[in-house]
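This report takes up two topics in turn, namely how certain helices pack and how the ligands are surrounded. Please read it alongside the sequence and the structure shown here.

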Amino acid sequence: MQPETILVTGGAGFIGSNFVLQWLASESSSIINLDKLTYAGNPANLSAVSHDRRYRFLQGDICDRELVAELLITHRPRAIIHFAAESHVDRSIHGPDDFIRTNVNGTFSLLEESRAYWSGLAKKERDSFRFLHVSTDEVYGSLGPDDPAFTERTQYAPNSPYSASKAASDHLVRAYFHTYGLRVLTTNCSNNYGPYQFPEKLVPLVILHAMSGKAIPVYGDGQNVRDWIYVADHCEAIRTVLARGRTGETYNIGGGNEMKNIEVVETICSTLDELRPNDPVVPHKVLIKFVPDRPGHDRRYAMSSAKMESDLGWKPRETFASGIRKTVQWYVDNQPWIENVTSGSYRQWMATQYSM
Ligand code: NAD
Ligand code: TYD
């Protein structure tokens, strides 16, 4: 490994794999990816870099402290970018245990082992070390229609087992800065979409169902609002925070695209009408089916990225129109990837959640 290595956890998941690909395309230093490969982890996302000498993959659990300790001592990373998590709200409603294990206990284990490794570094390396924790806007809870967007000073009010577990991990990260001086940074980002997203989340699920003529499930009245960000913009924001963020600070990252779920679904359908006029059911929007709401469903999220813009000079590059077009095109062009991820455990999940 070259010096200046960084360690990424959860790099075989959706955002992590986009991050690894972007990192290797834009930076010169090397990267180690520690991922347990749960249902959401897919090494095929990284096949393009599997022969890159700067990339190394290690299958393992962030809760395995011995493994993490050895990895840190052996590879001496200058930074850890912590993506690994259970990430799907609906799954957290059906079975919260894994969320507490990985998101809370796993983050705690990683912090403890990072602290032990970091304490043993020479002063110069200790000062430049970074632990960047990747979190979500969902920790702030739900907004009313006229409330201002979440800022870094908004009080935490998580509503789902997923967001509560992420909030707990954010608090631990904060405590390691204040108590031990560990050089931490936290990013809280809004809803991502783009290539390699597992099709249990809204955007890829709608694309897949629409292409194959299956009902498109919209929860409740479809009026819930999310702020959508193209995944490459999120990855650039993380690289910016890593390079220039102030330790101990948190940074909110949003796409500046507040949209109702039904608008997102209709945009995907009309894009597919253009790109796939010969699909089994066209226009695709006739497949939309309103289904019972998610329990405790947050009504609205909105992120202010003002601090990212003023302090670090970051802004998203994509509008929703440009990002969603690229995304739909990617799924249309990557049928083998879709077939690869929609077998086995995926089918089981769809049967449990949607009975369809
Ligand atoms: P994902 O579910 O697609 O990927 C998670 C990855 O973590 C998978 O590769 C999985 O195998 C790995 N993993 C899970 N448990 C592990 C463990 N115990 N040890 C090692 N690896 C483990 O998730 P994502 O959408 O890529 O999200 C990545 C991070 O970004 C998460 O921390 C999530 O909370 C956060 N985030 C996601 C979004 C979003 O819209 N997807 C928005 C804001 C923040
Ligand atoms: P999701 O992609 O699960 O992200 P999150 O819950 O983290 O915001 O869901 C995005 C929105 O879409 C959310 O309001 C729930 C809604 N949704 C549906 O209407 N139907 C679905 O099948 C899914 C998965 C989500």
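Angles under 35 degrees count as roughly parallel, those over 145 as roughly antiparallel, those from 65 to 115 as roughly perpendicular, and the rest as oblique. This is a predicted model, in which local features need pLDDT of at least 70 and side-chain atom pairs count only at pLDDT 80 or more, while totals for chains, interfaces and linings use all residues. Residues are numbered from 1 along each chain as its sequence is written, chains are lettered from A and ligands numbered from 1 in the order in which they are written, and side-chain values use heavy atoms, with hydrogens and water left out.

**Helix packing**

Helices (H or I, at least four residues) are DSSP runs numbered from the N terminus, and their axes are lines fitted to C-alpha atoms over the stretch in contact, with angles running from 0 to 180 degrees between N-to-C directions. Helix α7 (residues 202–211) packs against α11 at an angle of about 50 degrees, the axes being 10 Å apart, and the two helices are therefore oblique to each other. The contact (heavy atoms within 4.5 Å) is made by Val203, Pro204, Ile207, Leu208 and Met211 of α7 together with Ile324, Thr327, Val328, Tyr331 and Val332 of α11. By class, the contact of α7 with α11 has 9 nonpolar residues, 1 polar residue and no charged residues, where Ala, Val, Leu, Ile, Met, Phe, Trp, Tyr, Cys and Pro count as nonpolar, Asp, Glu, Lys and Arg as charged, and the others, Gly among them, as polar.

Helix α9 (residues 261–275) also meets α11 (residues 320–333), their axes coming within 10 Å and crossing at roughly 55 degrees. The residues of α9 in this contact include Val264, Ile268 and Leu272, and those of α11 include Phe320, Ile324 and Val328. By class, the contact of α9 with α11 has 8 nonpolar, 3 polar and 2 charged residues.

**Ligand surroundings**

A residue is near a ligand if one of its heavy atoms lies within 4 Å of it. Of the 28 residues around ligand 1, Ile15, Asp35, Ser87, Tyr162 and Lys166 come nearest. Ligand 2 is surrounded by 18 residues, of which Glu138, Arg226, Arg294, His297 and Tyr354 are the closest. Some polar contacts, meaning pairs of N or O atoms within 3.5 Å, are tabulated below.

| Ligand atom | Protein partner | Distance |
|---|---|---|
| Ligand 1, oxygen | Ile15, backbone | 2.8 Å |
| Ligand 1, nitrogen | Lys36, backbone | 3.1 Å |
| Ligand 2, oxygen | Asn191, side chain | 2.9 Å |
| Ligand 2, oxygen | Tyr354, side chain | 2.7 Å |

How values were computed: A polar contact is a pair of N or O atoms within 3.5 Å; within protein, one must be able to donate a hydrogen and the other to accept it, and residues adjacent in sequence count only if both atoms are side-chain atoms.
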